[in-house]
Amino acid sequence: MYERQVMKKPTTTGKAEVLFADIAVARIEPNLTLPAKFKRMLAQYDFAARVKDKHVGIKMHFGGGTGYTTIPPVFVRILVEALKDAGAKRIKVMDNDPASGVARGYTREVLGCEVVSCFGATGKYLYSEPLGYKTVDTALFGGEAVDCDYFIDFAHVKGHGDCGFGGALKNIAMGVVPPVTRGKLHRLEGGIAYDGTRCTRCGKCIKECPNGAISANKKKKIEIFFHHCTYCQHCVMICPVHALKMEDRRFEDFAHGMALVTAKFLQRFAPGQTLFINVLLNITIFCDCWGMSTAALVPDIGILASEDICAVEMASLDMIKTENLLQNGLPKGRALREGAHLFEKIHGKDPYLMVRCLQQLHGGSLQYRLREIT
């Protein structure tokens, strides 16, 4: 474990600028497509002044299993090449498990830079930060993420059963922390209850648990080993008879905890040392951590970028509209419920809550002005 100086909370007044590269094209020309617009978007940030001779980290989510709707590698390589051209000393793309990204093309040969674990080669390279918030007494942050001179949060926006949605905020709160910290965060939501009278012993929860926390005893009843459980709720959502469910739901606590962990991580970087890029392509109902892909909920939108994490999250959510819902993106038989946002109508949780919490804890702006890259 290591300690590092924490920066002061930044302040933002007025509307923050958010750059937008629209996937729509005016004409069928390569220079008008999204990759070309993305190059022009990155040129707006004058990387030469920001990253020359510096150590740059790009935090992504590599997905897993048979998932295929993560960020296309071509966009990652464009970003890496822009940083190289600007004179970055070292560039690395990070997630929890580099091996999980190989099937989706996240390799050194494809991306043109190092691909590493946030937690180092041993998985134990961590910084500790005291938080003192209910179940989250401390947070552990991956050393490879903390040690960057310049940090780029390259997030893929998705729906999410726990958070309401996943974007730049979740890419930090759940992405640069190890399972022990993710477990503490998920415990803010409540516990998992098992109803043996409903259970059909199909074994789906055992198979789908990403942490090997569920097993069947000699009487074929489900047992959860909570030392391994991170409360990700995959078992709750996969159970066909609802034999597993969350108890004492406290989404407000969870949203605050996610924002708190994100704020503490970002406070380790001085203003001007972070950039947030949200990709709004293949926006599916669940996060890439499910290890599979489903049809998109809405048509592809494009890419957003800002130096203000709150602004880029607000802009991303605002662009995802209920009226654009593609019915194939919902499991058959699943209907929308009441709510103000599409993700709330699907998951029953206000997706803006985490962002509002982060703004209160970290600063930034909930208002933005959009500048389109043509």
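**Reading packing, pairing and burial in a predicted model**

User: When α11 passes α13, is the crossing left-handed or right-handed?

Analyst: α11 passes α13 in a left-handed crossing, and, as with everything we discuss here, this is read from a predicted model. Helix α11 covers residues 309-319 and helix α13 covers residues 352-362, and the two pack with their axes 10 Å apart at an angle of about 165°. Since an angle over 145 degrees counts as roughly antiparallel, α11 is therefore roughly antiparallel to α13. On the α11 side the contact is made by I309, C310, E313, M314, L317 and D318, and on the α13 side by Y352, V355, L358, Q359 and H362.

User: Why might the contact residues of a helix recur at intervals along the sequence?

Analyst: The general idea is that an α-helix has 3.6 residues a turn, so residues three or four places apart point the same way. With that in mind, one can go back to the contact list, in which α11 contributes, among others, I309, E313 and L317, while α13 contributes, among others, Y352, V355 and Q359.

User: How should I read the packing of α1 and α3, and at what angle do their axes cross?

Analyst: The axes of α1 and α3 come within 10 Å of each other and cross at roughly 30°. Angles under 35 degrees count as roughly parallel, and α1 and α3 are therefore roughly parallel to each other. Their crossing is right-handed. The residues that meet are L34, P35, F38, K39 and L42 in α1 and F75, I78, L79 and A82 in α3.

User: Which residues of α1 are buried, and what covers them?

Analyst: Within α1, the buried residues are L34, A36, K37, F38, M41 and L42. Their cover includes the helices α2 and α3 together with the strands β1 (16-22), β7, β14 and β15.

User: Turning to strands, how many residues of β2 are buried, and on which faces do they lie?

Analyst: A strand is best read one face at a time, and in β2 (residues 55-59) five of the five residues are buried, so that the strand is mostly covered. H55, G57 and K59 lie on one side and V56 and I58 on the other, and both of these faces are covered.

User: With which strands does β2 pair, and in which sense, parallel or antiparallel?

Analyst: Strand β3 (residues 90-95) runs parallel to β2 and is joined to β2 by five bridges, one pair of bridge partners being K59 and M94 in β3. Between β2 and β3 the chain passes through helix α3 (residues 73-85), and this β-α-β crossover is right-handed. Strand β7 (residues 150-156) also runs parallel to β2, through four bridges, with I58 standing opposite I152 in β7.

User: Where does the pairing lead from β7, and how many bridges does β7 form with β14?

Analyst: β7 pairs with β14 in the parallel sense over six bridges, and H156 has V279 of β14 as its bridge partner. β14 in turn pairs with strand β15 (residues 302-306), here in the antiparallel sense over five bridges, and N278 stands opposite L304 in β15.

User: Why can β14 be called largely enclosed?

Analyst: Seven of the seven residues of β14 (residues 274-280) are buried, so the strand is largely enclosed by the rest of the structure. T274, F276, N278 and L280 point one way from β14, whereas L275, I277 and V279 point the other way, and all of them are buried.

User: How do I read the surroundings of a single residue such as L169, and is L169 buried or exposed?

Analyst: L169 is found in helix α6 (residues 168-173) and counts as buried, at 0% relative accessibility. Leaving aside neighbours within four places in sequence, L169 is in contact with D153, M258, A259, T262, I309, E313, M354, V355 and L358. T262 lies 93 residues from L169 in sequence, yet the two C-alpha atoms are 6.4 Å apart in space.

User: Finally, which backbone angle deserves a look in D46 and H242?

Analyst: Here one looks for a positive phi in a residue other than glycine: phi of D46 is near 45°, and phi of H242 is near 60°. D46 is found in the loop between α1 (34-43) and α2 (47-51), where D46 is partly exposed, with a relative accessible area of 43%. H242 is found in the loop between α9 (234-238) and β13 (244-247).

Key
Residues numbered from 1 in each chain as written. Predicted model: local features only at pLDDT ≥ 70, side-chain atom pairs only at ≥ 80, totals over all residues. Heavy atoms only, no water. Buried < 20%, exposed > 50% of the residue type's maximum accessible area, 1.4 Å probe, protein only. Pairing = 2+ DSSP bridges. Right-handed = clockwise from strand over helix to strand, strands pointing away. Axes fitted to C-alpha atoms, helices over the stretch in contact; angles between N-to-C directions. Parallel < 35°, antiparallel > 145°, perpendicular 65-115°, else oblique. Left-handed = near helix turned anticlockwise from the far one by under 90°. Contact = heavy atoms within 4.5 Å.
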